[in-house]
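Hi,

Here is the structure I promised to pass on. Have a look at it first, and my notes on what turned up are just below.

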2 protein chains.
Amino acid sequence: MLHGKNLIAGDWRAGGTTFAAVDAASGAAIEPRFYEATAGDVADACAAAADAQHAYASLPLAQRAAFLRLAADKIDALGDTLTQRAMQESGLPEARLIGERGRTVGQLRLFADEVENGAWQALRIDHADPARTPPKPDLRLRKIPLGPVAVFGASNFPLAFSVAGGDTASALAAGCCVVVKGHPAHPGTSELVAGAMADAVKGAGLPAGVFSLLNGAGYDLGEALVKDPRIAAVGFTGSRAGGLALMQHAAARAVPIPVYAEMSSVNPVVLMPAKLDSAAEDLAAAYVASLSLGAGQFCTNPGVLLAVDGTALDRFVVATAKALEPVAAQTMLTGGIRKAYESSIEKLGAYDSASLIGRGAEGSASCGRAHVYAVSGADFRANGLFEEEVFGPSSIIVRCVDLAEVAAILGAMEGQLTATLHMEEADRADAADLLPILEQRAGRIIANAWPTGVDVTHAMVHGGPFPATSDGRSTSVGTLAIDRFLRPLCYQDMPEDLLPPGLREVDSNVWRRVDGVYMA
Amino acid sequence: MLHGKNLIAGDWRAGGTTFAAVDAASGAAIEPRFYEATAGDVADACAAAADAQHAYASLPLAQRAAFLRLAADKIDALGDTLTQRAMQESGLPEARLIGERGRTVGQLRLFADEVENGAWQALRIDHADPARTPPKPDLRLRKIPLGPVAVFGASNFPLAFSVAGGDTASALAAGCCVVVKGHPAHPGTSELVAGAMADAVKGAGLPAGVFSLLNGAGYDLGEALVKDPRIAAVGFTGSRAGGLALMQHAAARAVPIPVYAEMSSVNPVVLMPAKLDSAAEDLAAAYVASLSLGAGQFCTNPGVLLAVDGTALDRFVVATAKALEPVAAQTMLTGGIRKAYESSIEKLGAYDSASLIGRGAEGSASCGRAHVYAVSGADFRANGLFEEEVFGPSSIIVRCVDLAEVAAILGAMEGQLTATLHMEEADRADAADLLPILEQRAGRIIANAWPTGVDVTHAMVHGGPFPATSDGRSTSVGTLAIDRFLRPLCYQDMPEDLLPPGLREVDSNVWRRVDGVYMA
């Protein structure tokens with residue numbers, strides 16, 4: 001059923017060289033082979049996107065929303081075919097992938113609602129005042145799409161952050177055509193979703209250039225895509241090295257473009273003293289569940305846990321070790337990721353200052369075994385390695401001398417997607433002291449929960465200061481993600497009939513700011 | 001009265017080497033000499049800004065607004081002392097500088113109102129739903145300041161885009177401490193305004209690190225400032241070369257930061273056929289007035305004018321030549337700017353394809369003489385030089401074969417701050433065809449006016465695609481400029497008393513989006 005071709009603006013095109021999809025659990029190649037997109041494919045996809053851009057951006061918002069809903073329906077209609085292929089390629093369990101499919105289509109439908117809401121256009125009208133000296137012109141502002149967006153599929157969310165994932169949904173919602181660089185770890189999954197997207201583009205009567213998918217296993221394809229002059233912005237979720245490379249390509253262009261790369265985070269979790277004392281065992285169970293979820297392959301994995309040393313932390317450590325024992329090793333996304341995980345674990349184990357607290361059960365060659373280490377605060381501060389993200393089911397407990405050391409460590413950390421405080425009433429004053437530090441370090445601050453759930457809502461921020469992301473001014477999850485792909489445009493003294501609909505004088509059902517006052 | 005020192009967090013500090021302020025009209029050095037800020041001054045100013053950042057960002061919004069109003073009052077109170085010094089240093093006429101002082105204090109007061117309005121915080125609340133599977137957390141979002149901002153004073157607006165100009169006002173409004181790199185063309189003016197700012201900081205009871213001023217005539221100072229790890233963002237208005245250098249410094253940091261550089265624009269103006277035919281002479285008079293305003297030293301100077309060749313354009317050209325004749329040469333901001341202007345004019349004159357249409361009156365050695373050239377559309381397209389910004393009172397008329405050539409030229413142009421259409425009813429359909437092209441090229445589209453007025457309002461956009469600015473997602477003029485210095489932060493399940501005031505459950509008088517619905 002799969003054919004391995006690239007989708008160039010509605011046409012499935014075979015190319016020259018091919019690469020294999022791999023069964024994550026067995027490591028065996030699976031059919032069919034996939035064509036590497038050529039430089040010509042990249043250019044054609046980008047040209048088609050640029051040609052389609054004005055027509056797509058000019059659609060009435062209701063039609064843009066209907067397209068997103070149709071895309072969701074088409075993906076839903078792939079049913080088991082999609083989740084079975086994703087299971088095989090990613091090694092993720094079925095329940096997770098069914099949930100992720102729901103998240104993916106839910107995301108598209110949420111952005112459809114958001115498109116219709118229209119407040120994201122930031123419409124502003126300042127009426128003229130001819131009596132002023134000098135006369136005040138009529139000024140009207142709206143946000144418009146940046147242009148075609150290059151989206152890089154992520155390996156760890158083969159549906160929700162891949163071909164029709166959060167970056168694609170928010171870019172399309174903003175009115176930008178999308179060219180996806182599919183992740184080579186799940187090319188069959190990508191092809192299925194791209195087929196659904198192509199059906200939706202056709203069904204909605206849109207120009208085919210609105211959406212393209214390019215496959216490839218090497219770095220050249222991504223570089224060519226980011227450097228194509230028709231690409232106006234980039235969305236990426238992946239490694240720090242990969243994100244940094246894309247940032248450099250984008251900055252070196254004749255016309256630099258924004259890159260939204262979600263890269264690297266260890267998501268510090270602080271166990272405040274009273275809470276730790278009253279709930280050490282419960283916290284340990286929840287900690288182990290969070291760090292081993294999805295084989296630890298979450299951007300928001302709790303990679304570093306900080307607490308003040310003492311008997312309560314000893315209880316937590318014992319309970320953590322015990323909770324780890326029965327944790328089954330899980331298939332990791334790719335052989336490369338598993339190897340990198342093992343190598344990181346070996347590196348940590350080689351340090352005298354890091355003690356192994358406990359491990360999960362051993363698994364097959366494709367699996368990642370859970371590990372938790374402990375280090376002293378002083379050792380953590382002395383060795384930058386302990387702050388590096390380990391992509392997999394591992395975490396480091398940092399035994400701090402006191403809360404001042406916890407604060408010092410947090411204050412010196414790199415930018416993070418999340419920071420978490422576990423606390424109870426008696427910890428509140430100390431937590432209040434830590435909060436300003438966390439606010440400077442993270443995109444999301446969590447109380448009494450674990451970072452590995454990222455709700456797709458209006459108030460979610462999945463972002464944070466560098467290197468958590470390349471651009472901390474944004475979020476890649478939630479409706480605010482649409483803002484990444486927009487820029488403001490002002491019309492001065494423009495005749496009513498030349499204004500876009502939302503900026504005309506007639507009553508609007510969209511929130512606008514008129515002469516400084518927000519109104520619907 | 002002036003002392004030439006740098007303002008480091010409330011302290012006026014003398015350094016080692018000095019440079020002279022220059023009388024723009026005479027070219028003579030004027031007293032006193034000014035101290036170049038040292039590397040230590042940069043570090044101290046940035047450290048003080050970082051230390052003050054939390055206290056300043058945490059001020060109740062009413063107090064932040066009161067500080068901005070106090071700053072406006074203190075600058076107003078400088079009265080003639082300020083405008084006289086600015087006249088001497090910039091060569092700009094008194095009426096212009098009195099107007100610019102009004103614009104500067106008006107801008108601070110507008111941002112004070114904006115701070116109190118509070119909608120810029122983009123507050124969002126999504127309530128928990130424990131019944132959902134999995135349970136939905138409580139999520140609350142606000143935008144917080146990025147951190148200390150480096151502001152580069154511009155030479156062409158010694159008040160409104162310098163020490164306490166638009167970048168400073170919007171950064172302070174966002175809750176960011178500011179370190180200004182003063183422009184060496186008006187160091188006395190800078191010192192006066194910095195003194196007013198320091199008085200306001202003190203009068204408002206704020207930590208002195210909220211505001212510092214560093215003087216210097218070389219490039220090292222700016223580079224050191226942008227590279228200081230405590231600086232979180234950069235605001236700049238100036239040359240393309242200068243802006244590109246700052247972008248490179250910022251991108252090369254261990255932690256890259258946003259640069260908002262407003263750099264280069266030729267602000268194309270299109271005279272549509274019917275309008276040109278009915279008003280050639282009036283348009284010519286207004287064109288000459290706009291291109292020679294302030295010796296052409298505006299970012300929005302109309303540097304390129306496009307029209308279809310024919311008898312109407314001939315009339316326009318004749319009228320332009322006639323309107324130019326009495327235009328007095330005006331003192332330019334600096335000797336360097338005047339020399340660069342003369343060299344650009346010579347370069348243009350050396351091309352056979354560019355015909356000199358007319359010139360203004362000759363002036364003294366410090367003055368810029370108005371020049372208008374004409375080229376064919378084909379020649380304009382063949383030679384990139386004609387699209388380069390000439391900073392001064394000059395412009396190029398492009399004689400196009402037809403509107404298709406006008407469209408082709410506009411579509412191939414670089415990003416612009418503004419694009420203008422002069423049109424009447426009969427031109428409307430053709431204008432509608434050009435509009436999508438202009439929307440892609442510019443930050444502001446003007447109908448039947450000239451680009452050299454930039455109102456400071458809510459709906460203004462003074463921005464545009466690269467290289468008009470380094471980051472087309474923003475504006476440097478108007479209240480939306482505050483958004484440049486903010487990033488979103490999310491609180492998950494945070495106890496009410498640890499939430500910032502705007503995100504607490506209690507009724508708010510600030511616009512918020514609650515469970516998807518905008519409400520006050």
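To start with a small puzzle: which residues in α7(B) meet B:Leu246, B:His249 and B:Ala250 in α8(B)? The ones to click on are B:Gly222, B:Glu223, B:Val226 and B:Lys227. Before going further, please keep in mind that this is a predicted model.

Staying with that helix pair for a moment: α7 covers residues 220-227 of chain B and α8 covers residues 240-252 of chain B. The two pack at an angle of about 35 degrees, and their axes are 9 Å apart. The crossing of α7(B) and α8(B) is right-handed. Sorted by class, the residues of this contact come out as three nonpolar, two polar and two charged.

Now to how the two chains go together. A turn of 180 degrees with a shift of 0.0 Å along the axis lays chain B on chain A, at an RMSD of 0.0 Å. The two copies are therefore related as by a two-fold rotation axis. If you want to find that axis on screen, go to B:Ala251: in chain B, its C-alpha is the nearest to the axis, at 3.8 Å.

How many residues does each chain bring to the contact? It is 57 from chain B and 57 from chain A. Several elements of chain B each supply at least two residues to its side, namely β5 (124-126), β6 (139-145), α14 (428-441), β20 (442-447) and β21 (486-492). By class, the chain B side that touches chain A holds 33 nonpolar, eleven polar and 13 charged residues. Of the interface residues of chain B, 100% are also interface residues in chain A, so the copies meet through the same surface.

The part I'd look at next is the sheets, as they run across both chains. One is an open sheet of twelve strands with mixed pairing, in the order β15(A)-β17(A)-β18(A)-β13(A)-β12(A)-β19(A)-β20(A)-β21(B)-β6(B)-β5(B)-β22(B)-β23(B). At its edges stand β15 (355-359) of chain A and β23 (517-519) of chain B; each has a single partner strand, so one side of each is left without a neighbour in the sheet. Neighbouring strands here are turned by 20 degrees against each other on average, ignoring direction.

Where does the step from chain A to chain B happen in this sheet? It falls between β20(A) and β21(B). β20 (residues 442-447) of chain A and β21(B) run parallel, joined by three bridges. One pair to zoom in on is A:Ile446 with its bridge partner B:Gln492 in β21(B). Out at the chain B end, β22 (residues 512-514) and β23(B) are antiparallel and pair over three bridges. There, B:Arg513 has B:Tyr518 as its bridge partner in β23(B). Over in chain A, helix α10 (residues 311-324) lies across β12 (269-271), β13 (304-308), β15, β17 (371-376) and β18 (394-400), running at about 45 degrees to β15(A).

The other sheet is also open, with twelve strands and mixed pairing: β23(A)-β22(A)-β5(A)-β6(A)-β21(A)-β20(B)-β19(B)-β12(B)-β13(B)-β18(B)-β17(B)-β15(B). β23 (517-519) of chain A and β15 (355-359) of chain B are the edge strands, and each pairs on one side only. Its twist averages 20 degrees from one strand to the next. Inside this sheet, β13 (residues 304-308) and β18 (residues 394-400) of chain B run parallel and are joined by five bridges. B:Ala307 stands opposite B:Arg399 in β18(B). α14(B) packs on the sheet and touches strands from both chains: β6 (139-145) and β21 (486-492) of chain A, plus β12 (269-271), β19 (416-422) and β20 of chain B. Its direction makes about 170 degrees with that of β19(B).

On domains, chain A is divided into domain 1 (6-119 + 145-263 + 471-482) and domain 2 (269-447). Their C-alpha centres lie 32 Å apart. In the contact between them, 13 residues of domain 1 meet twelve of domain 2. The domain 1 side has four nonpolar, seven polar and two charged residues.

Finally, some backbone spots to check:

- The peptide bond from A:Phe466 to A:Pro467 is cis, with omega near 5 degrees, and A:Pro467 is in the loop between β20 and β21 of chain A.
- The bond from B:Glu31 to B:Pro32 is cis too, with omega near -15 degrees; B:Pro32 sits in strand β4 (residues 29-35) of chain B.
- B:Ala9 has a positive phi of about 50 degrees although it is not a glycine, and lies in the loop between β1 (6-8) and β2 (11-13) of chain B.

Cheers

Conventions. Residues are numbered from 1 along each chain as its sequence is written. Chains are lettered from A and ligands numbered from 1 in the order in which they are written. This is a predicted model: local features need pLDDT of at least 70, side-chain atom pairs count only at pLDDT 80 or more; totals for chains, interfaces and linings use all residues. Two residues are in contact if their C-beta atoms, placed from the backbone, lie within 7 Å. Helices (H or I, at least four residues) and strands (E, at least two) are DSSP runs, numbered from the N terminus. Ala, Val, Leu, Ile, Met, Phe, Trp, Tyr, Cys and Pro count as nonpolar, Asp, Glu, Lys and Arg as charged, and the others, Gly among them, as polar. Two strands pair if DSSP finds at least two bridges between them. Copies are superposed by least squares on the C-alpha atoms of residues with pLDDT of at least 70 in both. Axes are lines fitted to C-alpha atoms, for helices over the stretch in contact, and angles run from 0 to 180 degrees between N-to-C directions. A crossing is left-handed if the near helix is turned anticlockwise from the far one by less than a right angle, and right-handed if clockwise. Domain bounds come from an automatic or database domain assignment.
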